[in-house]
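Could you walk me through this protein in my viewer, one selection at a time? I am new to structures, so please tell me what to click and what I will find there.

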Amino acid sequence: MGSATTQALAVGAEALDAAQVDLDTARELFAASRAVAGSSALSGALADRAATPEARGALVARAFGSLSPAAQGLLQQTVAQRWSSGDDLVLGLEELAIRAAAKAEQSDVEAELFQVARIVSANPELELALGSRLGDDAKKGELIASLLQGRASEGTTLIVSSLVQQPRNRRVRAILSRAMRIAAAQRGRTVATVYTAVPLSAAQSERLAAALSKQYGGAVALNPVIDPTVVGGIRIQVADDVIDGSISSRLADLRQRLAG
């Protein structure tokens, strides 16, 4: 991801923070993201650095004139930025839609996305069906919406059902993990996946969250996973960071040392 895209994403997040959005806005942004992803000509034109921001904005008005003023305004601000590529612009629009849904939804979107990811990982046939290039994308969205009915909030269902319609050669679990990080970032939190052999008590979870918040300089949301292979202790993953204090890890390290 180029520096231009990184800066553009930051501007998009600031624009969303200042905007009044609801789930309908997020739904429109997801639809716009799918439309841009499905047209290399459109994505290329909207990310064209040679074109002026005004020209790119005029293209947004022509292509998405039927959308609400809130959605159009966010799209206008997004395409006005410099993007490293058309693909990065598509990812930026997708991130904007995820952030909008997370902002509009009152439920714990990050935790719900984590549970959806666990359901998908535990069902290989479901993951295969959602990730297949051969299936109808709209049907995939309908499938996940029916599966999540009564199990997840409207905002989470919107995010997942929208994302599975545009996998773009990405694994479903990877898409959901990214969405979880984006939703957490929108709410000013970091996500930590915590692996233990037995469930943590409420007091233990509170102490761990406080320690991680101090280490990472902000609020941390814990996603607990019961994993018998941990064999005592705890393993924590925060983005690319792994903190492994499990007995199984220490035994593995000892075996490696003994093997020379």
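Here is a short tour of this predicted model, moving from packed helices to a cavity, a pocket and a loop.

**Stop 1: helices side by side**

Start by selecting helix H2, residues 23–37, together with helix H6, residues 86–104. Their axes lie 8 Å apart, and the two helices pack at an angle of about 165°. Angles over 145 degrees count as roughly antiparallel, so H2 and H6 are roughly antiparallel to each other. Turn the view until one helix lies in front of the other: H2 passes H6 in a left-handed crossing.

Keep H6 on screen and add helix H10, residues 154–163. H6 and H10 pack at about 160°, with 9 Å between their axes. This pair is therefore roughly antiparallel too. The crossing of H6 and H10 is right-handed.

Now hide H6 and bring in helix H9, residues 137–148, beside H10. The angle here is about 150° and the axes are 8 Å apart. Are H9 and H10 roughly parallel or roughly antiparallel? They are roughly antiparallel, because their angle lies over the cut-off of 145 degrees. H9 and H10 make a right-handed crossing.

**Stop 2: a glycine and a cavity**

Go back to H6 and select glycine 92, which lies in this helix. Is glycine 92 buried or exposed? With a relative accessible area of 6%, glycine 92 is buried, because buried means under 20%. Next, add valine 79 and draw a distance between the two C-alpha atoms: they are separated by 9.6 Å, while the residues are 13 apart along the chain.

Gly92 is also one of the residues that line the largest cavity. To see the rest of the lining, select Ala8, Leu9, Gly12, Ala13, Thr78, Trp83, Glu95, Leu96 and Arg99 as well. This cavity has a volume of about 70 Å³, and the model has two cavities of 30 Å³ or more. Helix H1, residues 3–18, and H6 each supply at least two residues of the lining. Try colouring the lining by residue type: five residues are nonpolar, three polar and two charged.

**Stop 3: the largest pocket**

Next comes the largest pocket, with a volume of about 520 Å³. To find its centre, select Phe114, Ser177, Met180, Arg181 and Thr193, the closest to the centre among the 22 lining residues. Then show the elements that give two or more residues to the lining: helix H7 (109–121), helix H11 (172–186), strand S1 (189–196) and strand S3 (235–238). Which element gives the largest share? The answer is H11, with seven residues. Coloured by type, the pocket lining divides into eleven nonpolar, five polar and six charged residues.

**Stop 4: two neighbours in a loop**

For the last stop, go to the loop between H10 and H11 and select arginine 168. What is special about its backbone? Arginine 168 has a positive phi of about 50°, although it is not a glycine. Its relative accessible area is 30%, so arginine 168 is partly exposed.

Then click on asparagine 169, in the loop between H10 and H11. Asparagine 169 has a positive phi as well, near 65°, and is likewise a residue other than glycine. Its relative accessibility is 65%, and asparagine 169 therefore counts as exposed, because the cut-off for exposed is over 50%.

Technical notes. Residues are numbered from 1 along each chain as its sequence is written. This is a predicted model: local features need pLDDT of at least 70, side-chain atom pairs count only at pLDDT 80 or more; totals for chains, interfaces and linings use all residues. Side-chain values use heavy atoms; hydrogens and water are left out. On a 1 Å grid over the protein atoms alone, a cavity is a set of points where a 1.4 Å probe fits but cannot get out, and a pocket is an open set with protein on both sides within 12 Å along at least five of seven lines; lining residues have an atom within 4 Å of a point. Grid points are joined across faces, edges and corners, and a volume is the space filled by probe spheres set on the points. Helices (H or I, at least four residues) and strands (E, at least two) are DSSP runs, numbered from the N terminus. Ala, Val, Leu, Ile, Met, Phe, Trp, Tyr, Cys and Pro count as nonpolar, Asp, Glu, Lys and Arg as charged, and the others, Gly among them, as polar. Buried means under 20% relative accessible area, exposed over 50%, partly exposed in between (1.4 Å probe, protein chains only). Axes are lines fitted to C-alpha atoms, for helices over the stretch in contact, and angles run from 0 to 180 degrees between N-to-C directions. Angles under 35 degrees count as roughly parallel, over 145 as roughly antiparallel, 65 to 115 as roughly perpendicular and the rest as oblique. A crossing is left-handed if the near helix is turned anticlockwise from the far one by less than a right angle, and right-handed if clockwise.
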